[in-house]
Amino acid sequence: MSRHNEYLKKILGFNLSLMITLTAIVPNSIAIASASALEGTGLSTEYTEPTPEPTITPETTITQVPTITLEPTVTPTPEPSALPAIPTPTPTPELSQIPEATITPSPALTSTPVPTKSPFRSKTLELMSKYDYISKGETGISKKKVPVKTLQKEVKAYGTLYGTGMPYEEYKQAMGQTWVDATEYDKKPVNITVDITKTMNYDNYVSTLKKLSRYEGVYIYKIGKSTEGRDLYAIEIDMASNKDKDVFMLTGQIHAREFAGGTFIVKEFVDLVQKAQTDKKTMELLKSNKFVAIPIINVDGREALITAQNKWSTGGGQLLKAYTNGTDGGRNFPGLQWGQVTYGSSLKRIIEKKPSYANFPGAYAGSNSETKAVMKWMYHYVVVEQATYYLDLHQQGSIIYAGKSWQTKQQEQNSKDLRTNVLSVINKGITSRKYTRVYEGTSYGMQGQGSSLTDYAVTLAIGAKFSPAYGFSAFTDGKKEYMLMQIRDLDKKTIKVRESNKNFAALTLEIGYGEKYLGNSSSTRRLLANEYNYFNFGKLLEALPKMVK
Ligand SMILES: [Zn+2]
């Protein structure tokens, strides 16, 4: 049986057993939380899931357990060993129709002497070569791993802890990996069109990024591998200039079924770079600001849903959200909240104990290769380059989260102000179904459901560091380490923690409206194309620099 099938079997096996023993397993599997506390669980404040469309809230999945339609024995699935190219995907009608990003040579550009990018060099790679990510990213207190049981005893007065931390060796591997410059320096720029109504598979995605990297000031890097072995790409628009630039970060599609983020970022970057070729004002903007992104993090999950959506859906119609190994990328970061449940709270009922289509935090913090690649990317821009704003794109429906309830009031306010500005761009001219703000409960992330991308970004910005002893991030005053739940309210903190990026602000932007916006059907792509135009997503990048205080 292929590894691919093994994953499915794991997911399937889990869901079946969960279904059979449903009533018993719910309280029991949520080991640490007390049964009585569970009953008071406020589900309405769930972070990644709230949506105007009740059908996608995962809370429903606990009471109505999804049955995965796929039998472990079914049809041969693509063989992961043949990756990175997806092997023999039976072309669906949609796929055969494609050529996604239509690339046509631009007469204007080809008729002029070829401007090679040779004189241009990646400043990022230069910076990276001089920086010690491993030692600067860790607390430096003790390298000796402390068992979870000991940690649990230590924090008994504050709450409880579940889940295993990231092994120090793997932290070093994550922060020590080298990026590979994949920029096409010496090829002619060509005109690129990204059409949201067409499918963009992995090959289309990579070729679009490569073509875009032919333009001066655009760089692409391979920053790591996916679980199935595909290259993970990051992109930068960093025009040559002497100006001190503000840095804007974007990430998309860490969740498989949330195609909007991935496609929108690619389109935004492509259109902005090409606009700057003929529009002086746009070029000036690019010379004063740096835009960086990982457009698609869950490349395996995206491809799985493009090539075999039915195989990656539950019986209840839920599409894969996690990585194809059943770990939810939005739960896997070794940030400040990893596995922490504060006193008086309970572990969220939606947190899965085993690989599933969503909500399983992983075997341990930072277990997925995608998480490791993003950890270094995130550290580089948030800490080393002091990025200004960060937008993480998801799809739970026309809402925006801003900041974290556990960061300093000032930092949280920065994020809220950014949200106000982003809302005014997106909603401009809109009279119905506007994007709105969402409020998090005060214990957000401290019920086990944190450890997302923005949680990790804020963890870094606030000055927390990786603790080799704990296997996740901690505060330190240089003498001792403190878990988030021991400190909790940073404004009342008794220890001195230096913020590593004082003015940083982060948003989680939830695109679309309900289940019909998820996945990659032709009707979904049409809805997303309308969403992009109707809600001014094409104007977002250019608007960000004007929002800087
Ligand atoms: Zn998401």
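A residue is taken as buried if 20 or more other C-beta atoms lie within 10 Å of its own. By this criterion, 52% of the 549 residues of the chain are buried in the predicted model. The secondary structure consists of 20 helices and 16 strands. Among contacts in the chain with a separation of 6 or more, 83% are made by residues 24 or more positions apart.

Nine of the strands form an open sheet with mixed pairing, in the order β3-β5-β6-β8-β7-β10-β16-β11-β12. The edges are occupied by β3 (180-181) and β12 (436-437); each has a single partner strand, so one side of each is left without a neighbour in the sheet. Within the sheet, strand β6 (residues 231-237) pairs with strand β8 (residues 289-294) in the antiparallel sense, over three bridges. In this pair, Ile-237 stands opposite Phe-291 of β8.

Helix α15 lies across four strands of the sheet, namely β5 (218-225), β6, β7 (246-252) and β8. The helix runs at about 140° to β5. Helix α15 spans residues 369-384 and includes Met-378. Met-378 has 25 other C-beta atoms within 10 Å and is therefore buried, the cut-off being 20 or more. Leaving aside residues up to four places away in sequence, Met-378 touches Tyr-456, Ala-457 and Leu-460. Of these contacts, the one with Tyr-456 links positions 78 residues apart in sequence; the C-alpha atoms of Met-378 and Tyr-456 are 8.2 Å apart in space.

A further helix contact involves α12 (residues 259-278) and α13 (residues 280-288), whose axes come within 6 Å of each other and cross at roughly 120°. The two helices are therefore oblique to each other, since the angle falls outside the range of 65 to 115 degrees that counts as roughly perpendicular and is not over 145, the bound for roughly antiparallel. The crossing of α12 and α13 is left-handed. On the α12 side, the contact is made by Leu-272, Lys-275 and Ala-276, and on the α13 side by Thr-282, Met-283 and Leu-286. By class, these residues comprise four nonpolar, one polar and one charged. The charged residue is Lys-275 of α12, and the polar residue is Thr-282 of α13.

Definitions and conventions: Residues numbered from 1 in each chain as written. Predicted model: local features only at pLDDT ≥ 70, side-chain atom pairs only at ≥ 80, totals over all residues. Axes fitted to C-alpha atoms, helices over the stretch in contact; angles between N-to-C directions. Parallel < 35°, antiparallel > 145°, perpendicular 65-115°, else oblique. Left-handed = near helix turned anticlockwise from the far one by under 90°. Contact = placed C-beta atoms within 7 Å. Buried ≥ 20, exposed ≤ 12 C-beta atoms within 10 Å, placed from the backbone. Pairing = 2+ DSSP bridges.
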